[in-house]
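Let's take a walk through this protein together, starting with one idea about accessibility and building up from there. Have the model open beside you as you read.

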Amino acid sequence: MTGFLRRAAARLADLLWPRVCAVRGCGGASDRPGRHLCSRCLAVLPFHAAHGCCRVCGAEVATDVRHDFVCEACAAQPPAFACARSALRYEEPADQLLQDFKYHRATWLLPDLADLLEGAVRAKLDFAAVDAVVPVPLHPHRLRERGFNQSGLLAEALARRLDRRFDGRSLVRVADTPHQARLDEAERRRNLRGAFAVPDGSFVRGRTVLLVDDVMTTGATLSCAARALLDAGAARVWCATVARAVRRAQ
């Protein structure tokens, strides 16, 4: 189906089954064909800064800084990934949208979230240099419980939009680690030690890998997953997430 036919089909579907904006409290009809965020709510999302960020982890700095710098956290303990960038800050309503997507099976939000992720990658990374798009995997036990890997859906959609290979098999999660929501950064790193592996590195070897997740908190998960890819021979690993927890660079 051509792009024109897809847009026409989306507009027809909107006429037959009008969609309400997915942001709680909005209640308005979505005026964007095939999407579940209205243009008004989209415009006021907490977009993550494109400038004035740590060139490694992407953490924002409070002052008006335009030049490249490395934050204290990355200088003290450099992550395995070369850089990480995000579309949004993990604040309202971005947190609500991602929690609905991840925990309440609101997979119909995928086109909206993929739009945001694609925009961040195109604006903040040299996406033409990417060879493969790889999702942060779930352990098979967690995957059976949830029924889908939200990062896998995002990575596959992004790869299709960037015309890059989606590689959902090279990186696997070999340890079913406890939830990390209440752990600090050091505890997260210990919790994730040995959690990821690349049984067959033939595809990632020598390539630039874009590692995709839904949310970046401390960066520990992304760093551990990136380390597994680098140990398997990847030339470099960049990371992209829809949102990241607010951590002001120092």
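A residue is called buried when its relative accessible area is under 20% and exposed when that area is over 50%, with partly exposed covering what lies in between. Keep in mind that the model is a predicted one. With those cut-offs, R122 is partly exposed, because its relative accessible area is 36%. Its salt-bridge partner tells another story: E118 has 16% relative accessibility and therefore counts as buried.

Now for the wider view. The protein has nine helices and seven strands, and 52% of its 250 residues are buried. If you take the contacts between residues at least 6 apart in sequence, 71% of them join residues at least 24 apart.

Let's turn to the sheet. Strands of a sheet pair through backbone hydrogen bonds, and they can do so in a parallel or an antiparallel way. Here you will find an open sheet of five strands in the order β1-β7-β6-β2-β3, and the pairing is parallel. At its edges are β1 and β3 (residues 165–166), each of which pairs on one side only. For a look at one pairing, follow β2 (residues 132–135), which runs parallel to β6 and is joined to β6 by four bridges. Within that pair, V133 has L210 of β6 as its bridge partner.

Which helices pack on this sheet? One of them is α4, which lies across β1, β6 and β7 and runs at about 105° to β6. Another is α7, which touches β2, β3, β6 and β7, its direction making about 135° with that of β6.

Helix α4 deserves a closer look. Of its ten residues, eight are buried, so the helix is mostly covered. The buried set consists of A94, D95, Q96, L97, L98, D100, F101 and K102. What lies over them? The cover includes the strands β1 (83–89), β6 (208–216) and β7 (236–244), along with the helices α5, α6 (140–146) and α7 (150–162). Just past the helix, R105 follows with a positive phi, near 55°.

Helix α9 (residues 220–231) makes a good companion case. Its twelve residues reach 16 Å from the first C-alpha to the last, close to the 16 Å expected at 1.5 Å a residue. This helix is mostly covered, with nine of the twelve residues buried; among them are L222, C224 and L229. Just after α9 comes G233, which takes a positive phi of about 110°.

With the helices in view, let's come back to the charged side chains. How many salt bridges does the structure hold? There are eleven. One of them joins D100 to R24, with the closest N and O atoms 2.5 Å apart. D100 sits in α4 (residues 94–103) and R24 in the loop between α1 (3–16) and α2 (39–43), so this pair ties together parts that are 76 residues apart in sequence. The two ends differ in their surroundings: D100 counts as buried because its relative accessibility is 12%, whereas R24 is exposed, with a relative accessible area of 58%.

A second salt bridge brings together the side chains of D112 and R32, at 3.0 Å from N to O. Since D112 belongs to helix α5 (residues 110–124) and R32 to the loop between α1 and α2, the pair ties together parts that are 80 residues apart in sequence. In this case both partners are buried.

The pair we began with stays within one helix. E118 and R122 have their closest N and O atoms 2.9 Å apart, and both lie in α5, four residues apart, about one turn of the helix. Through salt bridges with shared partners, R32, R35, D112, D115, E118, R122 and R161 are joined into one network. That places D112–R32 and E118–R122 in a single network.

One last stop is a loop. E60 lies between α2 and α3 (72–76), and with a relative accessibility of 7% this residue counts as buried. What does its side chain reach? The side chain of E60 comes to 2.8 Å from the backbone nitrogen of A49.

Conventions. Residues are numbered from 1 along each chain as its sequence is written. This is a predicted model: local features need pLDDT of at least 70, side-chain atom pairs count only at pLDDT 80 or more; totals for chains, interfaces and linings use all residues. Side-chain values use heavy atoms; hydrogens and water are left out. A salt bridge is a side-chain nitrogen of Lys or Arg within 4 Å of a carboxyl oxygen of Asp or Glu. Helices (H or I, at least four residues) and strands (E, at least two) are DSSP runs, numbered from the N terminus. Buried means under 20% relative accessible area, exposed over 50%, partly exposed in between (1.4 Å probe, protein chains only). Contact means heavy atoms within 4.5 Å. The expected span of a helix is 1.5 Å times one less than its number of residues. Two strands pair if DSSP finds at least two bridges between them. Axes are lines fitted to C-alpha atoms, for helices over the stretch in contact, and angles run from 0 to 180 degrees between N-to-C directions. A polar contact is a pair of N or O atoms within 3.5 Å; within protein, one must be able to donate a hydrogen and the other to accept it, and residues adjacent in sequence count only if both atoms are side-chain atoms.
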